[in-house]
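Me: I'd like a close look at one residue in this assembly, and then a walk outward from it through the surroundings. Could you keep it connected, so that I can follow along in the viewer?

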Amino acid sequence: MAALLEIRDLQARVGETDILHGINLTVGAGEVHAIMGPNGSGKSTLSYVLAGRDGYEITGGDILLNGVSLQEMEADERARAGLFLAMQYPVELPGVTVMSFLRAAVNARRRAQGEAEVDQLGFVKLVRAAAGDLGISDEMLKRSVNTGFSGGEKKRFEILQMALLQPSMAVLDETDSGLDVDALKIVSDGVNKLRERKRGMLVITHYQRLLSHIVPDRVHILSGGKIVRSGDKELALEVEENGYAGIDDAA
Amino acid sequence: MPALMMQPEAIREQARTAFAEAGWPSRRSEAFRFTPLDSLAAQEWPLSTPGSQPEPALLDGPRLVFDGGQLVQAASDALPPGWQLKPLQEDPVGLAWLAARIPADHPAQLALASAPAGWVLELAAGASLETCLNLDFIGGQPDRAAPSLLLVRAGAGSRAVLAEQHRSKAGLAQPVIGLDLAVGACLDHAKYQQESAATRHLGLSVAELAENCDLASFVLSSGAALARCETQLTLGGPNAFARLSALYLGKGSQHHDITTRLAHHAPDCRSEQLIKGVLDDAAKGVFQGQIQVAQNAQRTDGQQMSRVLMLSREAESNTKPELEIFADDVACSHGATIGELEADQLFYLMARGIPKEAARSLLVTAFIQEALAQIRNPQLAGWLAGVVDSRGQG
Amino acid sequence: MSATVETIQAVEEATGKYKYGFVTDIESDLAPKGLNEDIIRFISAKKDEPDWMLDWRLKAYRYWLKMTPPDWAKLQIEPIDYQAIHYYAAPKQKKQLASLDEVDPQLLETYEKLGIPLNEQKMLAGVAVDAVFDSVSVATTFREELAEAGVIFCPISEAIRDYPDLIRKYMGSVVPVSDNYFAALNSAVFTDGSFVYIPKGVRCPMELSTYFRINEQNTGQFERTLIIAEDDSYVSYLEGCTAPQRDENQLHAAVVELVAMHDAEIKYSTVQNWYPGDENGKGGIYNFVTKRGACRGDRSRISWTQVETGSAITWKYPSCVLRGRDSVGEFYSVAVTNGAQQADTGTKMIHLGPGTRSTIISKGISAGRAQNTYRGLVEINKAAEGARNFTQCDSLLVGDQCGAHTVPYITSRNPSGRVEHEATTSRISEEQLFYCLQRGLDAEEAVSLIVNGFCREVMKELPMEFAVEAQKLIGISLEGSVG
């Protein structure tokens with residue numbers, strides 16, 4: 001199986017603090033990997049480093065997407081290269097309507113791939129259809145991005161974007177945080193629908209609960225900026241039983 | 001020559017010249033466009049003569065009595081330990097500090113030039129005093145001036161409570177008060193302006209806060225024919241906090257002016273302002289509130305709200321909330337509302353059997369309460385609540 | 001060919017031909033520099049004006065001589081030498097280029113970014129227009145349609161000759177000659193401008209645009225515009241254009257007067273992209289404009305909507321005088337300053353009549369080392385029973401070298417009047433930028449999107465035609481401000 005995402009001995013720091021101390025991980029096309037870890041283990045840092053956020057610096061190692069190093073690429077270049085980060089705390093963009101935002105993002109991707117921009121009417125239909133699957137109303141589509149959205153609405157909107165942008169590698173940063181049981185189901189169904197042979201996913205979560213809905217092929221435990229253990233989906237259940245402390249000791 | 005380099009007499013002389021040149025500001029002076037003072041030029045303003053009988057104190061706690069603007073030690077109480085008093089004349093640095101902060105064309109130059117003696121009140125570093133120290137301004141005559149200069153220096157880490165009472169009979173009262181807070185000092189301050197009906201009160205307070213300082217100041221302006229309570233405050237060190245609140249109650253043909261200039265010159269400082277006014281009869285109210293954020297004052301949080309309640313057709317309100325922002329990582333906002341009592345609320349009360357006058361009074365009280373609630377020191381809060389209560393509303 | 005001026009008497013004696021007592025070569029294209037009564041007579045003669053118009057100009061000039069220019073603390077203005085300006089220049093034929101290849105490529109790039117259609121690009125750049133797109137014939141059809149509706153839309157100089165009664169009745173009634181220094185100057189020396197008259201009950205069938213004024217090919221320095229909307233009428237007027245206005249004329253002192261009668265509505269939109277000067281602000285345009293709308297009729301409405309970028313020094317206060325009962329004044333503005341630009345803009349809403357309402361939404365965006373000031377006045381006067389004002393001024397700072405200032409003046413003389421004013425300051429957060437970048441938008445697209453979102457409330461008041469261009473204009477004017 002071709003390696004879609006390869007994280008090679010990745011070391012990174014935020015400001016003055018070193019957070020990641022050598023991460024090795026390979027996600028093949030069609031695979032879903034889960035990253036679990038206690039608070040402070042570096043989960044969010046990992047997601048921001050992958051996405052190329054300012055202030056997060058790679059101090060060693062590399063990240064390759066489809067064999068191409070991402071290190072020198074800006075956040076938007078990585079996105080157009082096919083990387084998607086569903087954020088834990090999606091920010092508000094007052095006055096920027098959902099439709100205009102989606103159109104801008106989709107067109108940016110299309111231009112990068114040498115395709116023509118979307119036609120207005122067709123796009124609205126496309127968005128409505130995808131939105132319907134995620135229980136996103138027409139009314140919500142008229143609002144400003146994330147402004148006045150509940151936690152669940154924000155997460156569903158992240159997944160809607162993923163559905164429209166069709167990334168080759170999706171990183172989901174604590175997508176389950178702040179969700180109740182129903183919202184969790186809708187979001188998980190949305191994510192599962194996007195699982196396919198050509199796409200890889202990295203699901204970052206603190207709790208096992210999400211992984212009952214989005215069943216991973218591999219589970220990695222992140223602690224102190226390193227992956228201390230890897231296994232299959234049973235590993236997640238083990239964490240639930242024994243907590244992270246149990247895993248650490250065994251590592 | 002910068003004031004810091006000059007001798008006291010030279011500073012006074014410079015002030016005399018400055019005032020002679022600028023004169024009383026008219027409408028054309030931007031800072032005084034709503035409160036022109038050129039009518040004061042119609043007469044000379046000789047200094048008040050002392051000798052007035054001190055009235056009973058308004059508030060518990062030691063007090064310093066200023067008669068016609070001049071300190072009367074005989075009538076004043078001994079200062080509690082921690083506080084020290086010395087003449088401004090013997091503190092050229094202090095005088096220079098005050099002088100440097102008064103703009104050349106500001107009428108306070110007259111006070112700086114003519115006040116016979118100034119004073120420095122110093123609070124020792126680390127001193128913590130719960131009881132309020134009162135500054136009681138009385139006396140004066142209707143055709144005379146009562147200027148005073150006072151510099152309050154709060155030592156590092158000190159905590160104190162200070163109250164000003166202005167109930168003189170001077171024709172022109174000009175108290176100039178400096179508040180110099182050293183690192184970590186905390187001051188709760190309240191000023192009650194209830195001068196005589198013939199008084200023009202031109203008060204200027206200049207405050208400077210260093211790192212980690214905390215100042216909560218409240219002004220209640222209810223007396224005088226014309227009152228301008230002006231505060232210039234600089235947040236000069238990081239993590240400082242200032243709360244400036246004011247309540248002005250205008251009746252008859254009074255003119256109340258609350259002017260604040262709050263400058264954020266250091267990062268991570270917070271400021272809050274709530275200014276409320278109630279205008280009845282033919283009173284005129286003015287609020288000018290400028291917030292200035294310097295380029296290095298990142299992560300500033302500056303909030304200002306002004307609300308005016310107009311109770312009569314003849315009243316007039318002028319508001320000018322100003323923002324001057326040079327830093328980008330700031331949260332600054334100001335809001336201003338002007339209006340009258342809500343008809344819906346009045347009706348609701350009356351429909352419950354409350355007579356119209358009582359209903360109005362209740363609503364005005366509620367409006368005023370929000371301002372009084374800003375006073376965090378319980379002694380000061382209790383005092384001013386009592387003052388407002390006894391004035392009665394309607 | 002420059003003109004020579006001889007003494008009045010000598011000329012009259014010699015020729016007896018010139019009524020106005022001066023001699024210049026009346027065929028000349030350019031009056032000599034400087035301002036005096038002779039120049040004004042020259043202008044009036046050139047425009048073939050009736051005597052009463054010349055008298056009006058002279059009165060204004062004499063008033064101007066007694067006034068002093070205003071002094072605003074926050075603007076750093078080089079003193080203007082009024083005697084060093086040409087007050088009259090014949091409409092210039094733009095230098096005809098053979099094709100777009102001869103046009104400055106940077107200019108073309110801007111046109112592309114603004115999405116201006118090719119033929120319009122040619123027009124703007126002064127390329128000879130081909131038969132496919134004949135601006136004159138388009139404008140002619142336009143005029144025919146208007147004539148059918150009874151709408152008058154013509155250059156002001158034409159109106160002075162053809163509709164003297166209307167001019168005498170309304171000109172100077174909203175902005176009197178004595179109003180301010182630049183209004184007085186303009187009243188003396190104005191040469192171009194629009195006249196619009198909408199008769200009772202007529203809804204003007206199309207948006208009127210300055211683009212379609214025939215024979216007015218340069219943006220006049222001293223434009224005078226008068227729009228009259230009779231009872232129950234409606235007109236939407238567009239001024240300006242998004243293409244960069246490069247102009248040798250440094251000083252623009254225009255006057256715009258709007259009059260709305262009972263139930264009438266005037267919508268005045270401006271999109272302007274002034275040459276801002278070099279990156280040090282040198283060479284930019286001084287834009288001193290007095291714009292005022294008089295809501296004379298009951299239930300009348302006047303809206304000012306503007307998107308302005310790039311002017312080096314702007315001094316504009318479109319205002320509304322709300323006299324008619326229940327009349328409404330609105331002001332929607334986006335002002336973008338970048339580089340070393342300075343802008344001092346705002347509005348005045350004067351409530352005189354009962355039930356009057358005003359809404360002010362001002363969005364200021366500063367970037368680079370620019371300074372952007374909003375200065376507003378809301379005045380509720382004694383008879384303005386139940387008046388209402390709502391003001392929202394928001395400033396967006398891009399980068400930490402610029403400044404945003406808000407200076408509102410609020411006066412109320414009637415307790416039943418209600419004023420609500422709010423001002424906020426913010427910036428584009430790093431989080432917001434990252435969010436957009438992560439979705440594939442590059443930095444400039446991200447800034448444009450976020451800034452347009454910030455301005456949305458104003459943008460949606462613009463007529464469609466302008467809105468799209470205005471959005472692009474905002475994006476372009478912020479280029480280089482982030483990253």
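Is C:Glu445 buried, partly exposed or exposed, and why?

Reply: Happy to. Please keep in mind that this is a predicted model.

C:Glu445 counts as partly exposed, because 19 C-beta neighbours lie inside 10 Å of it. The cut-off matters here: a residue is called buried at 20 or more such neighbours and exposed at 12 or fewer, so a count of 19 falls in between. To find this residue, look in helix α11 of chain C, which covers residues 443–454. Setting aside neighbours within four places in sequence, C:Glu445 is in contact with A:Ala104 and A:Ala108. If you want a reference point elsewhere in chain C, take C:Leu226: it is 219 residues away along the chain, and its C-alpha atom is 39 Å from that of C:Glu445.

Those two alanines lead us to chain A. The contact between chains A and C takes 22 residues from chain A and 18 residues from chain C. On the chain A side, α2 (75–80) and α3 (98–112) each supply at least two residues. The largest share comes from α3(A), with five residues. By class, the chain A side divides into 13 nonpolar, three polar and six charged residues.

While you are in chain A, have a look at its sheets. One is an open sheet of four strands in the order β2-β1-β4-β5, with antiparallel pairing. Its edge strands are β2 (17–28) and β5 (68–69), each of which pairs on one side only. Within this sheet, eight bridges join β1 (residues 3–14) to β4 (residues 56–65) of chain A. One pair to pick out is A:Val14, whose bridge partner in β4(A) is A:Tyr56.

Another open sheet of chain A has six strands in the order β6-β7-β8-β3-β9-β10, and its pairing is mixed. Here the edges are β6 (83–86) and β10 (226–231) of chain A. From one strand to the next, the twist averages 20°. Strands β7 (residues 169–173) and β8 (residues 200–205) of chain A run parallel and are joined by five bridges; A:Met169 stands opposite A:Gly200 in β8(A). Helix α6 (residues 151–165) of chain A lies across β6 and β7, running at about 170° to β6(A).

Back in chain C, helix α9 (residues 181–189) is mostly covered, with eight of its nine residues buried. The buried ones are C:Phe182, C:Ala183, C:Ala184, C:Leu185, C:Asn186, C:Ser187, C:Ala188 and C:Val189. Their cover includes the helices α2 (37–46) and α3 (51–65) and the strands β4 (224–229), β6 (251–260) and β8 (286–295) of chain C.

Chain C also touches chain B, in a contact that takes 27 residues from chain C and 30 residues from chain B. On the chain C side, β16 (388–398), β17 (403–412) and β18 (418–427) each supply at least two residues. The largest share, 10 residues, comes from β17(C). The classes on this side are nine nonpolar, 12 polar and six charged residues. Strand pairing crosses between the chains too: six bridges join β18 (residues 316–325) of chain B to β17(C), and these strands run antiparallel. In that pairing, B:Leu323 has C:Thr406 as its bridge partner.

Following that strand into chain B, the domain assignment gives domain 1 (3–342) and domain 2 (343–394). Their centres, taken over C-alpha atoms, are separated by 26 Å. The contact between them takes 20 residues from domain 1 and 22 residues from domain 2 of chain B. Strands β7 (159–166), β9 (186–193), β11 (214–221), β13 (241–250) and β15 (270–279) of chain B each give two or more residues to the domain 1 side. That side has 14 nonpolar, two polar and four charged residues.

The last stop is the largest nonpolar core, which has 300 residues; among the members that touch the most others are B:Leu181, B:Leu384 and C:Ile450. Each of the two domains of chain B gives this core at least three residues. Leaving aside neighbours within four places in sequence, the contacts of B:Leu181 include B:Ala154, B:Leu187, B:Leu209 and B:Cys213. C:Ile450 brings you back towards the start, as α11 of chain C, the helix of C:Glu445, covers residues 443–454.

Key: Residues are numbered from 1 along each chain as its sequence is written. Chains are lettered from A and ligands numbered from 1 in the order in which they are written. This is a predicted model: local features need pLDDT of at least 70, side-chain atom pairs count only at pLDDT 80 or more; totals for chains, interfaces and linings use all residues. Two residues are in contact if their C-beta atoms, placed from the backbone, lie within 7 Å. Ala, Val, Leu, Ile, Met, Phe, Trp, Tyr, Cys and Pro count as nonpolar, Asp, Glu, Lys and Arg as charged, and the others, Gly among them, as polar. Domain bounds come from an automatic or database domain assignment. Two strands pair if DSSP finds at least two bridges between them. A nonpolar core is a set of buried Ala, Val, Leu, Ile, Met, Phe, Trp, Tyr and Cys residues joined through C-beta atoms within 7 Å. Axes are lines fitted to C-alpha atoms, for helices over the stretch in contact, and angles run from 0 to 180 degrees between N-to-C directions.
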